[in-house]
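Work through the exercises below with the structure open. Each one sets a task and then solves it in steps.

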Amino acid sequence: LPSVETLGSVNVICTDKTGTLTHNEMTVTKIYANGQTYEVSGSGYDTKGNFLQDNKKVSPSPLSLLLKCGLLCNNAQFEEKKKQREVIGDPTEAALVVAAEKASLTAKEERIDEIPFSSERKMMTTIHKTSKTMVSFTKGAPDVVLKYCDQIYLNGKIQRLDRDTKKKILRQNEKFASEALRVLGFAFKENPTKENAEQSMVFLGLQAMIDPPREEVKEAIKKCQDAGIK
């Protein structure tokens with residue numbers, strides 16, 4: 001009874017967000033690459049979804065290398081349980097796997113080495129063997145990844161990354177962040193060694209994601225507000 005009386009006098013509720021108000025299933029919803037912004041449809045870990053520009057469906061082919069980077073520089077895995085996909089690993093990395101799967105990409109390249117993520121470095125790199133060469137893929141905080149890039153991948157060609165283009169990318173990063181999206185930057189390097197894999201990289205683009213709210217959250221919050229609870 002004292003507990004019920006206490007609940008009756010509540011005027012502020014502080015709640016955890018992830019997994020409580022949200023699904024705890026990060027979803028890539030926007031991509032910036034080739035100087036353009038793309039939207040990605042679909043929610044959670046469902047692999048059904050399209051790539052859009054101006055609300056029109058477009059081919060994901062121009063985004064293949066960026067999506068492949070997110071797929072390979074990744075330690076998340078899925079397993080089927082009771083007809084549901086459950087992620088083993090980080091939900092952010094799971095979102096990158098799903099985004100690549102929406103473009104029908106698979107991880108065929110053998111991983112040779114890894115430079116793990118750390119809170120000090122704010123990025124992670126994996127080194128892979130392809131049929132022709134070695135390649136490293138890096139993901140991390142966009143400003144940190146950009147700092148180690150001197151080239152950019154634009155429409156299938158590698159070009160010099162100038163100061164104005166870096167500023168444009170950082171502005172786009174800020175725009176995504178202002179929309180409550182979590183943003184990661186991606187880069188690659190051909191024929192790397194473990195020692196130089198994160199130097200003089202080629203910038204690929206940004207992937208921005210969000211953890212969608214549960215359907216019932218809107219109504220629950222409205223009830224609290226109607227009762228005068230903050």
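**Exercise 1. Find the salt-bridge partner of Glu-109 and describe both ends.**

Solution. Glu-109 pairs with Lys-68 in a salt bridge, with 3.5 Å between the closest N and O atoms. The term means a side-chain nitrogen of Lys or Arg within 4 Å of a carboxyl oxygen of Asp or Glu. The two residues sit in distant parts of the chain, 41 residues apart. Glu-109 lies in the loop between α3 (91-102) and β7 (110-115), while Lys-68 belongs to helix α2 (residues 64-72). Helices (H or I, at least four residues) and strands (E, at least two) are DSSP runs, numbered from the N terminus.

Next, check cover. Buried means under 20% relative accessible area, exposed over 50%, and partly exposed in between (1.4 Å probe, protein chains only). Lys-68 has a relative accessible area of 15%, so this residue is buried. Glu-109 has 23%, so this one is partly exposed.

A note on the model: it is predicted, local features need pLDDT of at least 70, side-chain atom pairs count only at pLDDT 80 or more, and totals for chains, interfaces and linings use all residues. Residues are numbered from 1 along each chain as its sequence is written, and side-chain values use heavy atoms, with hydrogens and water left out.

**Exercise 2. Decide whether α2 is largely enclosed or open.**

Solution. Count the cover first: seven of the nine residues of α2 are buried. Therefore the helix is largely enclosed by the rest of the structure. The buried residues are Leu-66, Leu-67, Lys-68, Cys-69, Gly-70, Leu-71 and Leu-72. Lys-68 is thus on this list and also the partner of Glu-109.

For context, take the whole chain. Buried residues make up 40% of its 230 residues. Its secondary structure comes to six helices and 13 strands. The C-alpha trace spans about 70 × 45 × 40 Å along its principal axes.

**Exercise 3. How many salt bridges does the structure hold? Describe further examples.**

Solution. The structure holds 11. Side chains of opposite charge can pair when their charged atoms come close.

- Glu-114 and Arg-111: the closest N and O atoms are 2.8 Å apart. Glu-114 is partly exposed at 24%, and Arg-111 is partly exposed at 31%.
- Glu-79 and Lys-81: the closest N and O atoms are 3.4 Å apart. Glu-79 is partly exposed at 31%, and Lys-81 is partly exposed at 39%.
- Lys-30, Lys-175 and Glu-179: salt bridges link these residues in a network.

**Exercise 4. Trace the strand partners of β10.**

Solution. Strands pair if DSSP finds at least two bridges between them. Start with β13 (residues 201-210): three bridges join it to β10 (residues 149-154), and the two run parallel. Here Cys-149 has Met-201 as its bridge partner.

Now take β11 (residues 157-160). Four bridges join it to β10, and this pair runs antiparallel. Leu-154 has Lys-157 as its bridge partner. The two strands form a hairpin with two residues between them. In the turn, Asn-155 has a positive phi of about 50°.

**Exercise 5. Which loop holds Ser-104, and which holds Lys-122? Give the phi of each.**

Solution. Recall the background: most residues other than glycine have a negative phi. Ser-104 is not a glycine, yet its phi is positive, at about 60°. Ser-104 is in the loop between α3 and β7. With 66% relative accessibility, Ser-104 counts as exposed.

Lys-122 also has a positive phi, near 60°. Lys-122 is placed in the loop between β7 and β8 (123-129). Its relative accessible area is 43%, so Lys-122 is partly exposed.

**Exercise 6. Locate Lys-194 and relate it to Ile-112.**

Solution. Lys-194 is in the loop between β12 (182-190) and β13. Its relative accessible area is 40%, so Lys-194 is partly exposed. Along the chain, Lys-194 and Ile-112 are 82 residues apart. In space, their C-alpha atoms are separated by 9.9 Å.
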